[in-house]
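Grab a pencil and let's work through a few exercises on a protein model. Try each task yourself before you read the solution.

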Amino acid sequence: MTSPVAVAVIGAGGWGQNLVRNLSASKDASLRWVCDLSSRARADASAAYPEARCSESYRGALDDAAVEAVVVATEAASHHPIARDALLAGKDVFVEKPLALSSAHARDLCELAERDRRILMVGHVLLYHPAVAALRQLIDAGDLGDVMYLYAQRLNLGVVRRDENAWWSLAPHDVALANHLLGDIPEAVSLTGATFLQKRSEVQDVAFGTLRYPGGRVAHIHVSWLDPHKTRRLTLVGSSKMAVFDDASADQKLVLFDRGVEPPGSASYEQGLRIRTGEIRIPALRMQEPLRLECAAFLQSVRSRRQPLADGRSGLAVVRALEAGAGSLKAGGTFVPLAEGPG
C-alpha cells in the first residue's frame, strides 16, 4: 500500500482553507504543515487540524525533508517567489490561480520545474469539474461538430479586491476553460473595462475580453464583481450542437441543444439556409466536488510522476492571455498579441 503524500499548505485563509480541508480529508495525503501570516488563520487551522504543525513562516515546511509536496494559496503577488522557493527545495508544487502575475515569472517556474523534474500544477479547478469533463468528451467525440466560438460570464456582487482587478481575479477560470475546450491558446486578446468603486487606484470592476484563436475561432469573457446577478455560465457553439455549462445551476449543470444552421445545397444561400431546432438534452452527471477531484489529481501526479491536466505550461498560457489583456486595456482595447515564448 502506498503511503500518503506529506503536504504543506502555505496560505490558509480564503480559498486556502478549502484546500486544507480537502487535503486533510484525503486518505492519499498527510497534512504536515499549515503556514499563514494571520494568527487567526493559524489558530483556526490548529484547532481543526491538530495533526499539522502551524507556523507564520513557510521556511520550516520547506526545510522539512518529510514534506513531498507544497500547496501555495497566498495572494497572487507572492505566488512566484514562494513557489520558486518550494521548487528549489525539491518539492512538488501546486499553485493557486493565477500561476504568476507575469509571463516571465510563470515561465521561470515552468522551466525550473522541468529542469528538476518536479510536478508543477495550477489551481484551474474548473478543468476538473464533472460537467467540463463531460463537455470535453462530447467535443472529442465530434458530437458538437466543429467548435466555432464560446462566451463566458462570471458575475457577482463582491468580493471586491484592491490588489488585482476583475480581469486578473475572475477571468483565469474562463481563460483556462476556453483554452481547454478549444484545444489551443489564443493568438491575441482585446480587453476593455471600467472602474467605478476604486477610481484612485484604477482597479477595474468590470471587464469585457475577446480572445482570438487560430482558425478564426473566438472566445468572449465578461467578468465583474459589480453586478446584481450571480452568474457562472459558459456557452459553446458548435456546427452541429450547442452546449451551456451553468455552474450556478443546482440541477442543470450541462445542457445540450441540438440546434444549428444547415448550409445551403444547390439553391442560393438565401433560399437554402435553414435553421435546425432539435431536442434539448440534460446529460446525467456523477457530481463530485471539483476541488476534491483537483486535489486528488495533484496527489496522483506526485505519486505517478505524470504531469496533471492543469500543468505549469497550461498555467503559463493563461497568464500570457491575461497579460495580453492587461496590455490591451491600457491601449484602449486594441488586440494585443500574446508575449512570445514557449508554452
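**Exercise 1: the sheet**

In this predicted model, six strands form an open sheet in the order β3-β2-β1-β4-β5-β6, with parallel pairing. Your task: find which strands are the edge strands.

Solution. An edge strand pairs on one side only, and that picks out β3 (53-55) and β6 (120-123). Going from one strand to the next, the twist averages 20 degrees. Now zoom in on one pair: β5 (residues 92-96) and β6 run parallel, joined by four bridges. In one of these strands, β6, you'll find G123, the bridge partner of E96.

**Exercise 2: a helix on the sheet**

Work out what span helix α9 (residues 290-304) should have, and check it against the model.

Solution. Start with 15 residues at 1.5 Å a residue; the span counts one less than the number of residues, so α9 should span 21 Å. Its end C-alpha atoms are 21 Å apart, which agrees. Next, see where α9 sits: it packs on the sheet and touches β1 (5-10), β2 (29-35), β4 (69-72), β5 and β6. Its buried residues include L291, C295, F298 and V302. After α9 comes R305, with a positive phi near 65 degrees.

**Exercise 3: two helices**

Decide how the axes of helix α4 (residues 79-88) and helix α5 (residues 103-115) cross.

Solution. The two axes come within 10 Å and cross at roughly 10 degrees. Angles under 35 degrees count as roughly parallel, so α4 is roughly parallel to α5. By class, their contact has six nonpolar, two polar and three charged residues. Among them are L87 and L88 in α4, and L109 and L112 in α5.

How values were computed:
Residues numbered from 1 in each chain as written. Predicted model: local features only at pLDDT ≥ 70, side-chain atom pairs only at ≥ 80, totals over all residues. Heavy atoms only, no water. Buried < 20%, exposed > 50% of the residue type's maximum accessible area, 1.4 Å probe, protein only. Axes fitted to C-alpha atoms, helices over the stretch in contact; angles between N-to-C directions. Parallel < 35°, antiparallel > 145°, perpendicular 65-115°, else oblique. Contact = heavy atoms within 4.5 Å. Nonpolar A, V, L, I, M, F, W, Y, C, P; charged D, E, K, R; others polar. Pairing = 2+ DSSP bridges.
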